Amino acid sequence: MPYNIAVCVKPVPDPKHYDRVTIDPVKKTITRAGIPTLINPPDKSAIEAALQLRERCGGSVVVISMAPPDGAEILREVLAMGADEAFLLSDRALGGADTLATSYTLLHGLKKIEAAKGFRFDIVLCGNETADGATAQVSSQLGEWLEYPHLWNVSALESKGTDGEGKETFLLRTKMENGYMEWTAQTPFVLGIARDMTKPRFTSVMGIMKAKNKPLTVWNRADLDTAEDTYLGLPGSPTQPGVIFSPDLKRSGELLTGTPEEIVGRITAILRASGVVTGG
Amino acid sequence: MHFFEFTEEQKMLRKAVREFVDAEIAPKAAEWDEKDVCPVELFKKMGELGINGIFVPEQYGGAGQGSVARAICLEEISRHSAGLGIAMMTHHMGPYPILLYGTEEQKKKYIPDLCSGKKVGGLAVTEPGGGSDFSGQKTTGEKKDGGWVLNGRKCFITNSHIADTSVVTAKTGEDEKGRPKLSAFIVEKGTKGFEAGRKEHKLGLRGSVTGDVVLTDVKVPADALLGKEGDGAKIGMNAIGEVGRAGMSAICVGILRGCVEEAVKFSNERIVYGKPISKLQAIQFEVAKIRTYYEAARLMTYSAASLKDDGKPCANEVAMAKYFSTEYATDASKRLMDLMGGYGVINEYPVGRFLRDALASIPSGGTSHIMQIIIAANTLSGFQP
């Protein structure tokens, strides 16, 4: 049976340029100016999973992202990979959101898409965690908001055939520290897809050309008419980062002078004092 | 100079190809170079991405892009493996002349498989007597039993041992003034008497196969003739002049970018006298030169490619870009080697490969001297600023 699939994606700073990433000491946010972004790697795995589902069962793959305006570039790339339609939720009022405010915003984006399309999403996929924030919270929060069952750290998603009513049963696997758990599920559900669950396809030139004509809609705060201000952006975020600082890694050297015996004696004393050497 | 800007799609293309190259090419490039093997299996994957038929219209299975897009692909591949870069760029010289001079039947028969990655393309023009002495070719084509019989030997042919569909030139007679008449033929691998011969052991551009192509009583049907009888010189020159050289130029832009990136990395990481060598002006001067050569080569290469995309004459611009890019890729990699000190000659670093690849790029598609002859002829006959 065909599925209406939504995939939540996030543009993240390219890890190759992490040496240029700084943290604003006042706002406690990552300063990304001038750093190229890419699709959060686990999100790519989720996109691949969605595309494979669509190829097997039919339906549609819609991608959604809450990001600054240049997030459109990333969404165009997802369309080039093969997604059907993309939505960007972009507004200063949404900025500075923690995971709860992010999942709330995504919820209202998804609701608006559902209202416009006249369907409910059967499957909502997220990358399990983001390369920059790495909280792995959004997929579960989104599941709670949607009142759908949800699992995170999903490493396998397979079909187990259909039940008597023709509804497909999925076998899911979630990674644990020392192994994995198996689950069976029927749609609807929300999943946090682990980075290694799929091997995302490469984008083809033909895909890039097709993406040019696929719909990409940008919505601002006002468009999310079902959302309440108290849950959006920085003001709607109950978690706030505490003190952020770079640890002082300075090292100092001391030049020892004297006869070799004197220097050895001095080194031994220093090592004893620091606790590196104990005993006689 | 023809000014242009990359389109959004071209920027996305670069990003997509780079992602592929980082995953599938960069980790293995040194090994291909050391073992001197061409990763033919990657042609299938690159075909799926659209690189093999990047400039071929969609109706023949291509990606429907042009020369700028092709240069982007070649630069990105050659940033890590100029050897695979020249294999791909030579592959393009298979479908290109068929697209330009072939009949509708020939286009439909040969081009789709060359785009999809099912087949690899090649162009066999050069002979032991010389590559640039076009009219001195000794390979012959004789009309017989309603078809053609080809005999001769081609040398320094890239993709010699891996090409499935080759465009081959041969002398098929003389014109009324006694000048040799060359014709071009499409010859498929497996045709009786058509074989790859000696394989060259090259200084650079290893990871591509270069060798002889031997034709012994090769019988091809009448419809293997590309264009008209006597079109061979035009077909060969056009493919080499505007596609081969433009490709070599883009390959060297890739090498130059490699030099910039490695120079930045090394000079920031290498600590001497307590600080990175990038703080030293002597090093900075080298970094500045390498960067400037890269940018200049890039401008010339893409500018010439965009001329071609706009349907304007570009042989001179391509010759200048090729001349500059290959020479300065050589210069930049030597400078990078100097900058790196002893590390420069350690094969763990790619700089030695850059230098060897750049040197091998100079004669590929016409030496710097031939490029200068073309540029001088164009300049002396009507230079207009």
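**Domains, contacts and one bent helix in a predicted two-chain model**

Chain B is divided by its domain assignment into domain 1 (8–119), domain 2 (122–229) and domain 3 (234–382); such bounds come from an automatic or database domain assignment. The model is predicted: local features need pLDDT of at least 70, side-chain atom pairs count only at pLDDT 80 or more, and totals for chains, interfaces and linings use all residues. Residues are numbered from 1 along each chain as its sequence is written, while chains are lettered from A and ligands numbered from 1 in the order in which they are written.

Domain 1 and domain 3 of chain B have C-alpha centres 21 Å apart. Between them, 23 residues of domain 1 of chain B are in contact with 26 residues of domain 3 of chain B, contact being C-beta atoms, placed from the backbone, within 7 Å. On the domain 1 side, helix H2 (29–35), helix H4 (67–80), helix H5 (82–92) and helix H6 (95–101) of chain B each supply at least two residues. Helices here are DSSP runs (H or I, at least four residues), as are strands (E, at least two), numbered from the N terminus. H4(B) gives the largest share of that side, nine residues.

Chain B also meets chain A, with 13 residues of chain B in contact with eleven residues of chain A. Helix H1 (8–24) and helix H3 (42–49) of chain B are the elements that give two or more residues to the chain B side, and H1(B) has the largest share, six residues.

H3 of chain B appears again in the packing of helix H7 (residues 104–116) of chain B, whose buried residues pack against H3, H6, strand E1 (121–124), strand E4 (165–174) and strand E5 (180–188) of chain B. Those buried residues are Lys107(B), Tyr110(B), Ile111(B), Leu114(B) and Cys115(B); buried means that 20 or more other C-beta atoms, placed from the backbone, lie within 10 Å of the residue's own, against 12 or fewer for exposed and partly exposed in between.

How far does H7(B) bend at Tyr110(B)? The bend is about 30°, and Pro112(B) follows within four residues; the angle is taken between axes fitted to the seven residues ending there and the seven starting there. The 13 residues of H7(B) should span 18 Å at 1.5 Å a residue, and the end C-alpha atoms are 18 Å apart, which agrees. The expected span is 1.5 Å times one less than the number of residues. Just after H7(B), Gly117(B) has a positive phi of about 100°.

Methods. Contact = placed C-beta atoms within 7 Å.
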